[in-house]
Amino acid sequence: MTPTNKISHRPFRLFESLTPQWDHDLHIHTNWSQDNLNGPTAHEWLNLSERYKIHIGFTDHFETGYYIHHPPKYADLGSWKLNLNTIDNYLEEFDDLKSEFQHFSLGLEVSYHPSIQDRIWEFLDDYYSQFDYITGSVHEIDLFRAITVKKNVQPLIQNQVQFKSLIDRYFKLIQEMIDSKRFDIIAHPDVIFRFVSFSTLSKEIQNNYRRYLFDIAWLCDKTKTFMEINLSGYRYQWQDSFPKESLLAHFRMEDIPMVIGSDSHELSSFSSIVPKIRKLNNLLKNNWKFVYKFDPSRIK
Ligand SMILES: [Zn+2]
Ligand SMILES: [Zn+2]
């Protein structure tokens, strides 16, 4: 497949591939993701989600940073299955599936970090239009120390002052990522809290939480970016969605563009979270009002 050049951001495009009247879950990992090599194939995902009548979006991990930096040994995951050499095969596999299934979109979960930004933009210049959407994630504050891995954050959580400064740095990166206007969806916007429960956070962090998330939500709105309601928090100490469910009705009232993503890596965890996917789809049902904001004539 020949990559097309220089299409950077077309906010409305995600809607074009959604199955009308079906619930959606736009964050699914197949066995192409490096952390899920023994996971389900796209075909298995499609059979299952068809039974639930849930339109799914695939967001396998794509790392551009990995190939230009030499990670320290502890971060070495071997050569990644999905990389610049295999991505065309990847696209072809999903192209073939389109003849059998229509209830899916093809996205990609791209890790953002400012130090590898040029490499990411170069990749997106070439591949943005090959995907239905691109999801951006901050997984690392310091490269090769993923904050989604417990041993990297656990020591910092013990010290709430240190943790607070990590949180501040994290949200700064999230804001930078949204401001770039290169991503259609911002994944798990507060995943930094994965390994804590809200009630154990210091009063200061608890009080700031709402402000952090509202700032993110308003920035998403301003930049025509979807904020993801990510359900992976239910699998960890957080025991809530990212962002917390208690904020969602407020975001909805402000017409913040939101989509739902379960971040499922296994069929069984998807099945068990289906009631939550339904409930949140229901919450968003009348939220699509915000699409007027995506009117191409209003987008600069
Ligand atoms: Zn992620
Ligand atoms: Zn993910």
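This is a short tour of a predicted model, stop by stop, with something to select at each one.

**Stop 1: the whole chain**

Start with a cartoon view of everything. You should be able to pick out nine helices and seven strands. Now switch on a surface: its accessible area is about 13,100 Å², and 51% of that belongs to carbon and sulfur atoms. Of the 300 residues, 58% count as buried. The chain also folds back on itself in sequence terms: among contacts between residues at least 6 apart, 79% join residues at least 24 apart.

**Stop 2: the zinc ion (ligand 2)**

Select the zinc ion (ligand 2) and show the side chains around it. Which residues hold it? Look for H27 and H29, each using NE2, plus E109 through OE and D263 through OD, at 2.1 to 2.4 Å. If you like patterns, the donors follow the spacing H-x1-H-x79-E-x153-D along the chain. Try the angle tool as well: the angles among the four donor atoms run from 80 to 167 degrees, and the site is irregular.

Next, add the zinc ion (ligand 1) to your selection. The two zinc ions are 3.5 Å apart, and E109 coordinates both. Then colour H29 and D263. H29 sits in the loop between β1 (23-28) and α2 (42-52), while D263 is in the loop between β7 (258-261) and α9 (267-284), so this pair ties together parts that are 234 residues apart in sequence. Both H29 and D263 are buried.

**Stop 3: the nonpolar core**

Hide the zinc ions and think about the inside of the protein. In soluble globular proteins, nonpolar side chains tend to be buried together. Here, the largest nonpolar core has 80 residues. Select F58, L108, F163, F183, I192, F193 and F251, the members that touch the most other members.

Zoom in on F193. What is it in contact with, beyond its neighbours within four places in sequence? The list is F163, I167, F171, L201, I205, Y209, W238 and F242. Apart from this largest core lies another one, of eight residues; L14, L18, Y133 and I185 are among them.

**Stop 4: T225**

Select T225, in the loop between α7 (203-223) and β6 (226-230). Is it buried or exposed? T225 is buried, with a relative accessible area of 1%. Show side chains and you'll find a polar contact of 2.8 Å between T225 and T223. Leaving aside neighbours within four places in sequence, T225 is also in contact with H9, I178, F183, D184, I185, I186, C220 and P257. You have met two of these names already: F183 in the largest core and I185 in the other one.

**Stop 5: Q206**

Q206 is in helix α7. At 16% relative accessibility, Q206 counts as buried, because the cut-off is under 20%. Setting aside residues within four places in sequence, its contacts are F198, S199 and L201. L201 should ring a bell, since it also came up in the list for F193.

**Stop 6: P114**

Finish with P114, in the loop between β3 (104-111) and α4 (117-127). P114 counts as partly exposed, at 29% relative accessibility. Once its neighbours within four places are left out, P114 is in contact with L173 and E176. For a last try with the distance tool, go from the C-alpha of P114 to the C-alpha of L143: they are 29 residues apart in sequence and 10.0 Å apart in space.

Key:
Residues numbered from 1 in each chain as written. Chains lettered and ligands numbered in written order. Predicted model: local features only at pLDDT ≥ 70, side-chain atom pairs only at ≥ 80, totals over all residues. Heavy atoms only, no water. Donors = N, O, S within 2.8 Å, 3.2 Å for Na, K, Ca; no water. Tetrahedral: all angles 85-135°; square planar, octahedral: opposite > 155°, others 65-115°. Helix = DSSP H or I, 4+ residues; strand = E, 2+ residues; numbered from the N terminus. Buried < 20%, exposed > 50% of the residue type's maximum accessible area, 1.4 Å probe, protein only. Contact = heavy atoms within 4.5 Å. Areas by Shrake-Rupley, 256 points an atom, 1.4 Å probe, with all protein chains shown as cover. Core = buried A, V, L, I, M, F, W, Y, C linked by side-chain atoms within 4.5 Å. Polar contact = N/O pair within 3.5 Å; in protein donor to acceptor, adjacent residues only side chain to side chain.
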